[in-house]
Amino acid sequence: MQTEHTSEDVKWTTELEVALFHSMHRHKPVGINKHFHMACIQHRLQQLSGLSLTTQEIWKHLQTLYDLETLDEFENTGLQNEEKDFSLPQDFQSIEATNRAQSAQRQLSTPAGHSASSSPVSSPLYKPPAKRKKT
């Protein structure tokens with residue numbers, strides 16, 4: 001059962017605030033997805049309280065409880081990454097060159113019609129399964 005009301009009618013009782021906090025569980029109304037999370041909060045709050053509150057009413061009340069702008073800035077600070085060129089360390093490049101040489105050598109020594117890469121036995125990392133004992 002939903003109760004219709006106007007903005008002036010919203011009286012934030014203790015029970016309604018508790019329902020709001022339960023609605024905010026796993027949904028922070030800050031950061032890049034704050035509007036999506038607010039829609040989830042609104043839906044859950046409606047389920048818990050039976051009141052059909054607008055997101056504007058919820059935002060307005062949350063602003064009386066928290067400094068949402070500061071929280072939003074704090075949440076978004078991790079998103080400002082600077083781009084840097086990336087290259088693997090020299091050790092990895094030498095390993096890659098060795099692997100290429102070994103792969104080329106295996107392909108040359110493989111009989112025609114057989115692919116070295118199709119068989120796990122040809123892999124240097126292959127370890128045959130242990131034999132099972134019959135009990």
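Helices here are DSSP runs of H or I at least four residues long, and strands are runs of E with at least two. By that reading, this predicted model has five helices and zero strands. Welcome to the structure: the points below go from the whole protein to its largest pocket, and then to three residues worth finding on screen.

**The whole protein**
- Followed along the sequence, the elements give the pattern α-α-α-α-α.
- The protein has 135 residues, and 17% of them are buried.
- Taking contacts between residues at least 6 apart in sequence, 62% link residues that are at least 24 apart.
- About 11,600 Å² of the protein is exposed, and carbon and sulfur atoms account for 54% of that area.

**The largest pocket**
- Rolling a probe the size of a water molecule over the atoms reveals where empty space remains.
- The largest pocket holds about 160 Å³ of space.
- Two or more lining residues come from each of α2, α3 (55-65) and α4.
- Helix α4 supplies the largest share of this lining, with three residues.
- To trace the lining of the largest pocket, look for P29, V30, K34, H35, W59, Q63, D67, L68, E69 and D72.
- By type, the lining of the largest pocket has four nonpolar, two polar and four charged residues.

**D72, a residue of the pocket lining**
- D72 sits in helix α4, which covers residues 68-76, and D72 is part of the lining of the largest pocket.
- The relative accessible area of D72 is 15%, so D72 counts as buried, the cut-off being under 20%.
- Setting aside residues up to four places away in sequence, D72 touches V30, G31 and K34.
- Two of those names, V30 and K34, also appear in the lining of the largest pocket.

**W12, ahead of the helices**
- W12 belongs to the segment before α1, the helix of residues 14-23.
- Beyond neighbours within four places in sequence, W12 is in contact with E17, L20, L45, L53, E57, I58 and H61.
- One of these partners, H61, is 49 residues from W12 in sequence, while their C-alpha atoms are 8.2 Å apart in space.

**R26, in a loop**
- R26 lies in the loop that runs between α1 and α2, where α2 spans 34-49.
- The phi of R26 is near 70°, a positive value in a residue that is not glycine.
- R26 has a relative accessibility of 72% and therefore counts as exposed, since that class begins over 50%.

Definitions and conventions
Residues are numbered from 1 along each chain as its sequence is written. This is a predicted model: local features need pLDDT of at least 70, side-chain atom pairs count only at pLDDT 80 or more; totals for chains, interfaces and linings use all residues. Side-chain values use heavy atoms; hydrogens and water are left out. Contact means heavy atoms within 4.5 Å. Buried means under 20% relative accessible area, exposed over 50%, partly exposed in between (1.4 Å probe, protein chains only). On a 1 Å grid over the protein atoms alone, a cavity is a set of points where a 1.4 Å probe fits but cannot get out, and a pocket is an open set with protein on both sides within 12 Å along at least five of seven lines; lining residues have an atom within 4 Å of a point. Grid points are joined across faces, edges and corners, and a volume is the space filled by probe spheres set on the points. Ala, Val, Leu, Ile, Met, Phe, Trp, Tyr, Cys and Pro count as nonpolar, Asp, Glu, Lys and Arg as charged, and the others, Gly among them, as polar. Accessible areas come from the Shrake-Rupley method with a 1.4 Å probe; for residues, only the protein chains shown count as cover.
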